[in-house]
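Welcome, and take a moment to turn the model around before reading on. The paragraphs below will walk you through a handful of places worth finding.

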Amino acid sequence: MINTNSLGILGKFYFNIRDSFKSIYQNSNFYEKKISRTFENSFQYKPSPHLLSSIIKYQNKKYKIEDFAIESIWQNNLISKDYEKLNNFFWFFSLDLKSSKKTTQTIIKNWISNNAKYQKKSWEFDLTAKRIISWLSNHQLTYEDSDQEYRSTFDHMIQKQTNHLLNEIQNSTEVENKMIGCAAIILTGLAYKNEKQYLNNGLNLLKNIIKSSIDNQGFPKSRNIRQLIFYLKYFIIIREWFKESQSLIPEYIEENIYYLGSSYAFIWQNIKQDIFFNGNYSSKNKDFDQYLKRFGYTFKNQTYEIGGYAILKNKKIILAADIGSSPNKTFSNDYQAGALSFEIFSNDQKLISNAGYYSDKNNKFNKLSKSTSLHCALTIEDYSSCNFTKHKKNLIIDRGLKVSKKNVVFENNFWKISGMHDGYLIKFGAIYKREIEFYPEQMKFIGYDKLFRKDPSKEIKFDIRFHLDPNSKVMKTQDNKSILIELDEEGWKFSCDNFDINIDNGLYFGNKNSFKENQNIFISGMNNEKEQIIKWEISKL
């Protein structure tokens, strides 16, 4: 019998052999000839750099190209992140337009001199895509007032790099990189108008991304909020390129902007708060809102549930919950096992908060931030509701879960969000159900966490955690039955009569790739019943 370890070794051997053959092929003269088949075509549509202000971090201070070490810039040994920043050329967007065009073009000529032929490191898929976008969008410095020899070399290298993207895009495993690559191919097609091959191929690839990665409601199949915003930004940029170049905008681009925008209105614009589910952390979405306003985009959504999230709100309170099933493992790179977790905002302050997400895949905190214990949900025997496995640099779902019997009620004096999932069924024979009720007139939340088991003969331990913002202060009452929460100038009381409640220290990953200490309230207990209900309350003082 072949065991799992043997399959893993065989799989690793196969991928190593495949990568070796790919490396030999891409460094061969055959591949060089293939991607060098370009056309003598002039750079016609010149995109405005400000169209990219939603994805470029513009700095207040503009630098002159003369401030850089021109001759040695490609010869330095740089750490990975600095190398990527240098080679994607997005730093060109921070250059003062009064910089010397001749000097800027010399930098590009030096790069071409060192990298004219494919090199794995400098021709990485996402670097190449960003480099194409930057060179074309910064044409005032990279192309204007240049001689014919330089222009021919520039045009050839843009097309050659685009040919490489077309060859590699199906092999790219990161959906975001595919989108950036697709955008670069489309921009090349618009910039070199007589070359329909690039535009047609780019649009067909865009259709494939839509079909494979976005659901019918206009939400990414990953259920990742940051990815939703990423898609929306790039679809709008592509649309603006079509508009500015006076090209006919494909109807499906307009349609997808409408649906993605509707999801964006639901998840952010309706509440103006960051909810920490499935790879999300504190954003700069207010800057994107300004971008949308400047370009005349307005989105609306009056529903209470989309993409597996439920959000209910009035003028003072927001209740958000994750009531969606786990995504397919293909889309689970940033998924967190927080099914049925929830967050509460009171007067724009986060009262109950998931712990956030540590996005650096090379850091141990990434794995920790994926666990159910870092969410406001129930865990059994310290296990997460989903299993994860290592795939390349990502932790992806090995065994997912399904959420069923969802119900969302929103009335003036009564709110309710409920659902159940099977994440603990295989290992513990347990179904977990959660109901959260809110009574606006009383400013009281009542929660019911329920465990259902066919065979409760084996006792199991459960914990339910309620994570708090680092600015919150907590104190246990003398009778040990309640915990007082102080948030800004508000006071709240957490209580649970039939089970032990305590305060524990934890970690908060609400800001990108950083952590703070915070506290969480947790309920502990043992289960040996077929049906067990754990009731808790959060009420305003």
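Is Asn480 buried, exposed or partly exposed? With a relative accessible area of 45%, Asn480 is partly exposed, because that value falls between the 20% and 50% limits that separate buried from exposed. Keep in mind as you look that this is a predicted model. To find Asn480, go to the loop that runs between strand 14 (473-476) and strand 15 (482-487). The backbone here has a feature to look for: Asn480 is not a glycine, yet its phi is positive, at about 65 degrees.

Another asparagine invites a similar look. Asn513 also has a positive phi, about 50 degrees, without being a glycine. Its place is the loop between strand 17 (500-508) and strand 18 (516-527). Asn513 counts as partly exposed, with a relative accessibility of 27%.

Now let us turn to the charges on the surface. Five lysines, Lys57, Lys81, Lys85, Lys284 and Lys512, come together there in a patch of positive charge. Take Lys81 as your guide to this patch: you will find Lys81 in helix 3, which covers residues 80-88. Lys81 counts as exposed because its relative accessibility is 59%, and exposed means over 50%.

For a contrast, move to helix 7 (residues 148-168), where Gln159 sits. Is Gln159 buried or exposed? Gln159 is buried, as its relative accessible area is 0%. What does Gln159 touch, once neighbours within four places in sequence are set aside? Its contacts are Thr38, Phe39, Asn41, Tyr192 and Tyr198.

Next come the pairings of opposite charge. How many salt bridges does the structure hold? There are 19 salt bridges. One of them joins the side chains of Asp289 and Lys272, with 2.7 Å from N to O. This pair connects distant parts of the chain, 17 residues apart: Asp289 belongs to helix 12 (residues 285-294), while Lys272 lies in the loop between helix 11 (251-269) and helix 12. The two partners can be compared by their cover. Asp289 is buried, with a relative accessible area of 11%, whereas Lys272 counts as partly exposed at 39% relative accessibility.

A second salt bridge links Glu343 with Lys350, and their closest N and O atoms are 3.1 Å apart. Glu343 is buried, with a relative accessible area of 0%. Lys350 is buried too, at a relative accessible area of 8%.

Among the strands, look for the salt bridge where the side chains of Lys450 and Glu435 meet, at 3.4 Å from N to O. Lys450 lies in strand 12 (residues 444-453) and Glu435 in strand 11 (residues 430-439), so this pair ties together parts of the chain that are 15 residues apart in sequence. Lys450 counts as buried at 14% relative accessibility, and Glu435 is buried with a relative accessible area of 10%. Both values come in below the limit, because buried means under 20%.

One more group completes the walk. Lys101, Glu144 and Asp145 are joined into one network by salt bridges that share partners.

Terms used
Residues are numbered from 1 along each chain as its sequence is written. This is a predicted model: local features need pLDDT of at least 70, side-chain atom pairs count only at pLDDT 80 or more; totals for chains, interfaces and linings use all residues. Side-chain values use heavy atoms; hydrogens and water are left out. Patches are made of residues with over 30% relative accessible area and no salt bridge: like charges are joined within 9 Å, nonpolar side chains (Val, Leu, Ile, Met, Phe, Trp, Tyr) within 5 Å. Accessible areas come from the Shrake-Rupley method with a 1.4 Å probe; for residues, only the protein chains shown count as cover. A salt bridge is a side-chain nitrogen of Lys or Arg within 4 Å of a carboxyl oxygen of Asp or Glu. Lys and Arg count as positive and Asp and Glu as negative; His and the chain ends are not counted. The place of a charge is taken as NZ of Lys, CZ of Arg, CG of Asp or CD of Glu. Helices (H or I, at least four residues) and strands (E, at least two) are DSSP runs, numbered from the N terminus. Buried means under 20% relative accessible area, exposed over 50%, partly exposed in between (1.4 Å probe, protein chains only). Contact means heavy atoms within 4.5 Å.
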